[in-house]
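Work through the three exercises below with the sequence and coordinates open. Try each task before reading its solution.

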Amino acid sequence: MARAIPPLSLSLDAASPLPLHAQLREALRAAILDRRLPRGARIPASRVLASDLGCARGTVVLALEQLTAEGYLTARPGASTRVAATLPDDSVPASVRAEAPAQAPLPNLSRRGARLVGAAQRRFMAEPGAADAFALGRPALDAFPYAVYARLLQAEWRHGPAERPDTRGSPALRGAIAAYLGQARGVACTAEDVIVTAGIRQSLRLIAELLLDPGETALVEEPGFPGIAQALAQAGLRPVPVPIGPGGLSASRAASLAPGARLAVVTPAQHYPLGYAMSLKNRLDLLNWAEAASGWIVEDDYDGAYRYAGRPLAPLRALDRRGRVIYVGSFSKLLLPAMGLSYLVLPPGLLGPVSQALSGTGPPPPVIGQFALARFIEEGHLAGHLRRTRRLYALRQAALVEAAGRGAADVVTIAPMEGGMHLIARPGPAWPATLTDAAAATALARAGLSAVALSTYYAGSSAPGLLLGYAAVPERAMDPAVRRMAETLREAGSISPAAAPA
């Protein structure tokens, strides 16, 4: 068997803060770019590499999978892994690689523009283009299989749309989503039950306008994703925050706060942002509440697929026997934010009304790309990507916790969660007493770090904290980012609350 690794004198350092799989990935990438591993060179089997390097086979597999996803390696079932004939760097001109672009001058914003920018900085989710370190809602773009998806998009463009436009979304994509949900999430549904939308806000507003009259109340979690309450309010409803505990939303507490409510929006698998899983008792109580109130439950399963302790929890929809749960999911966090595709899984009684009302809710998602995404799911790439990123995100979460313990334990305390894509940094013993979490988030933004104040998720008062996304932060970048965060928070204590930007 040909062996490319020993002549390259690669070695792994167990004492390094960089995880072993990341060390191997970067060493192989450097060897490829330096042409020490030529294009088309055969990579030894993972068992051979693990034996040569004295590490676990899983370490090698993760490194090879990430390089394959990035386009540096090619792998086919039943064939050896090889260096790609065309590398991702080939498409970048040498002049661009060698020189950093000149910084454009900052514009003089109007007062209205300054307010808009300030509001955007306080939003609950980092937008594309914000600092990568700790940005919320951003998946690991370095792990996405761009080459595979590009091939599927090329095929779609080459042959043209394979289906007629449908306001409910591509039939092929709806069928692929239904099959995936049945296998991976235990949601029994067909393509007819699925509707593709442009995002959860569009979905919620449509549901709210169809099922409730203006002025009626809807239950939302406290704390919770602010965009949910905003979408419900835009539909004319009155959102009522229900404080949650470790078992999630309590139906009895919700009924006492809003006796006439007929709609509840919940995140049972992984509460956002605290990370609680809804208990079985609360799930059954909520289903009974919906039945008794002739109400509806919107289940937002935004990142239920990412659970690192045991198997992903079954959705609330899997327990629904009365057709009261509307299941909502999104590809933006699983794959790419730029996709902008979400979906609804509707109970049978809502299929007709929702389909008929879609024409009045704004333009449907672009048709181009939906067929490619359907093929991506059908060919098993989504399942493979989720397997890889579950392992990757578990490693990155651990790296964030460990880095905080090493370099920031005086100012923040970060505990692991069983799932999700973010952690919460609580004030440590040296957190400046005068520093609010909103002012801390502003200071971090100025330092090039993206963090969101926990207080912005509460309608009322709350304990301070910072939400830190880790999925898009490579392990090698975690330590320096955490050190910069700690230094910024220590310095921010000298800013008085009155001087802190609003």
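The exercises concern a predicted model and cover its nonpolar cores, a sheet and a pocket.

**Exercise 1.** Locate the largest nonpolar core relative to the domains, and find which residues touch the most other members.

Solution.
- Step 1. The largest nonpolar core has 127 residues, and F134, F331, L373, L466 and L489 touch the most other members.
- Step 2. Helix 14 (residues 381–407) gives this core its largest share, 8 residues.
- Step 3. Because domain 2 (144–379) and domain 3 (387–493) both contribute residues, the core lies between them.
- Step 4. Take F134: leaving out residues up to four places away in sequence, its contacts include L400, L449, L467, V473 and M485.
- Step 5. Another core, of 21 residues, lies apart from the largest one; L37, A41, I43 and A84 are among its members.

**Exercise 2.** Determine the strand order of the open sheet and state which strands stand at its edges.

Solution.
- Step 1. The sheet has 3 strands in the order 1-3-2, with antiparallel pairing.
- Step 2. Strand 1 (42–43) and strand 2 (73–74) each have a single partner strand, so they stand at the edges and one side of each has no neighbour in the sheet.
- Step 3. Strand 2 pairs with strand 3 (residues 81–83) over 2 bridges.
- Step 4. In this part of the sheet, T74 is opposite R82 of strand 3.

**Exercise 3.** Describe the largest pocket by its volume and its lining.

Solution.
- Step 1. The largest pocket holds about 990 Å³ of space.
- Step 2. Its lining has 32 residues; T68, T74, A75, R76 and T81 lie nearest the centre.
- Step 3. At least two lining residues come from each of strand 1, helix 3 (57–70), strand 3, helix 6 (146–159) and helix 14.

How values were computed. Residues are numbered from 1 along each chain as its sequence is written. This is a predicted model: local features need pLDDT of at least 70, side-chain atom pairs count only at pLDDT 80 or more; totals for chains, interfaces and linings use all residues. Side-chain values use heavy atoms; hydrogens and water are left out. A nonpolar core is a set of buried Ala, Val, Leu, Ile, Met, Phe, Trp, Tyr and Cys residues joined through side-chain atoms within 4.5 Å. Buried means under 20% relative accessible area, exposed over 50%, partly exposed in between (1.4 Å probe, protein chains only). Helices (H or I, at least four residues) and strands (E, at least two) are DSSP runs, numbered from the N terminus. Domain bounds come from an automatic or database domain assignment. Contact means heavy atoms within 4.5 Å. Two strands pair if DSSP finds at least two bridges between them. On a 1 Å grid over the protein atoms alone, a cavity is a set of points where a 1.4 Å probe fits but cannot get out, and a pocket is an open set with protein on both sides within 12 Å along at least five of seven lines; lining residues have an atom within 4 Å of a point. Grid points are joined across faces, edges and corners, and a volume is the space filled by probe spheres set on the points.
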